[in-house]
Amino acid sequence: MDQKENWIKVAGNIDEISFADNNIATIHIEEKTICLARTGDSLKACSAKCPHAGGDLSEAFLDKKENIVCPVHGYRFSINSGRDTNGEGYFLKIYKIKETEEGIFIKLE
Ligand code: FES
């Protein structure tokens with residue numbers, strides 16, 4: 001792991017992550033709360049805090065278009081770009097994630 005780039009190991013592999021029924025797992029790293037979202041075979045990571053009004057995205061659901069849908073007001077954010085699908089200019093913080101033989105890592109800024 002390259003410390004300079006601040007990649008943080010979050011699990012040895014995807015089977016070590018306990019996802020809720022909504023395919024979202026919540027982890028805490030360096031005072032941040034981050035959602036890991038399982039979409040098909042891939043794994044995405046985003047802030048657990050909705051950029052609209054702070055809703056808890058660990059309680060969200062994932063739609064078929066890889067959007068995470070906030071449980072509070074129903075805004076949808078692309079789990080890939082973070083953009084809200086209404087085009088209102090809200091951006092959900094997305095974290096880069098990589099899976100290697102050594103495990104699953106998230107890049108903190
Ligand atoms: S708090 Fe998430 S949509 Fe309003």
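Trainee: Which residues does L57 touch, not counting residues up to four places away in sequence?

Mentor: Before we dig in, this is a predicted model: local features need pLDDT of at least 70, side-chain atom pairs count only at pLDDT 80 or more, and totals for chains, interfaces and linings use all residues. Residues are numbered from 1 along each chain as its sequence is written. Touching means contact, with C-beta atoms, placed from the backbone, within 7 Å of each other. Leaving out residues up to four places away in sequence, the ones L57 touches are C35, C46, A48, K49, C50, I68 and C70.

Trainee: And in the largest nonpolar core, which residues touch the most other members?

Mentor: A nonpolar core is a set of buried Ala, Val, Leu, Ile, Met, Phe, Trp, Tyr and Cys residues joined through C-beta atoms within 7 Å. Buried means 20 or more other C-beta atoms within 10 Å of a residue's own, exposed means 12 or fewer, and partly exposed is in between. The largest core here has 24 residues, and those touching the most other members are C35, L36, C46 and L57.

Trainee: Which element gives the largest share of this core?

Mentor: Strands are DSSP runs of E with at least two residues, numbered from the N terminus. Two or more core residues come from each of β2, β3, β4 (42-47) and β9. With four residues, the largest share belongs to β3.

Trainee: How many helices and strands does the protein have?

Mentor: Helices are DSSP runs too, of type H or I with at least four residues. Read from the N terminus, the elements go β-β-β-β-β-β-β-β-β. That makes zero helices and nine strands.

Trainee: What is the strand order in the open sheet of six strands?

Mentor: Two strands count as paired if DSSP finds at least two bridges between them. In this sheet the pairing is antiparallel. Walking across it, the order is β1-β9-β8-β4-β3-β2.

Trainee: Why is one side of β1 and of β2 left without a neighbour in that sheet?

Mentor: Look at the ends of the row, where you find β1 (7-11) and β2 (24-29). One side of each has no neighbour in the sheet because each of these edge strands has a single partner strand.

Trainee: How much are neighbouring strands of this sheet turned against each other on average?

Mentor: For that, axes are lines fitted to C-alpha atoms, for helices over the stretch in contact, and angles run from 0 to 180 degrees between N-to-C directions. Here direction is ignored, and the average turn is 30°.

Trainee: In β3, which residue is the bridge partner of T26?

Mentor: β2 and β3 (residues 32-39) run antiparallel and pair over six bridges. I27 stands opposite I34 in β3. For T26, the partner is C35, also one of the core residues that touch the most other members. To name the partner once more, it's C35.

Trainee: What is phi of E31, in the loop between β2 and β3?

Mentor: Most residues other than glycine have a negative phi. In this hairpin, with two residues between the strands, E30 has a positive phi near 45°. E30 is exposed, with 8 C-beta neighbours inside 10 Å, and E31 is exposed with 5. Phi of E31 is positive as well, near 70°.

Trainee: At the other edge of the sheet, which residue of β9 is the bridge partner of W7?

Mentor: β1 and β9 (residues 103-107) pair in the antiparallel sense over four bridges. β9 also pairs with β8 (residues 94-100), antiparallel over five bridges, where K98 has F105 as its partner. The partner of W7 is K107.

Trainee: Is G12 buried or exposed?

Mentor: You'll find G12 in the loop between β1 and β2. It has 11 C-beta neighbours inside 10 Å, so G12 counts as exposed.

Trainee: In the open sheet of three strands, which residue of β7 stands opposite V69?

Mentor: That sheet has the order β5-β6-β7, with antiparallel pairing. Its edge strands are β5 (61-62) and β7 (76-78). Three bridges join β6 (residues 67-69) to β7. Opposite V69 stands R76.

Trainee: Last one: what radius of gyration does the protein have?

Mentor: The radius is taken over C-alpha atoms, and the globule rule is 2.2 Å times the number of residues to the power 0.38. For 109 residues, a compact globule would come out near 13 Å. The protein agrees with that, at 13 Å.

How values were computed: Contact = placed C-beta atoms within 7 Å.
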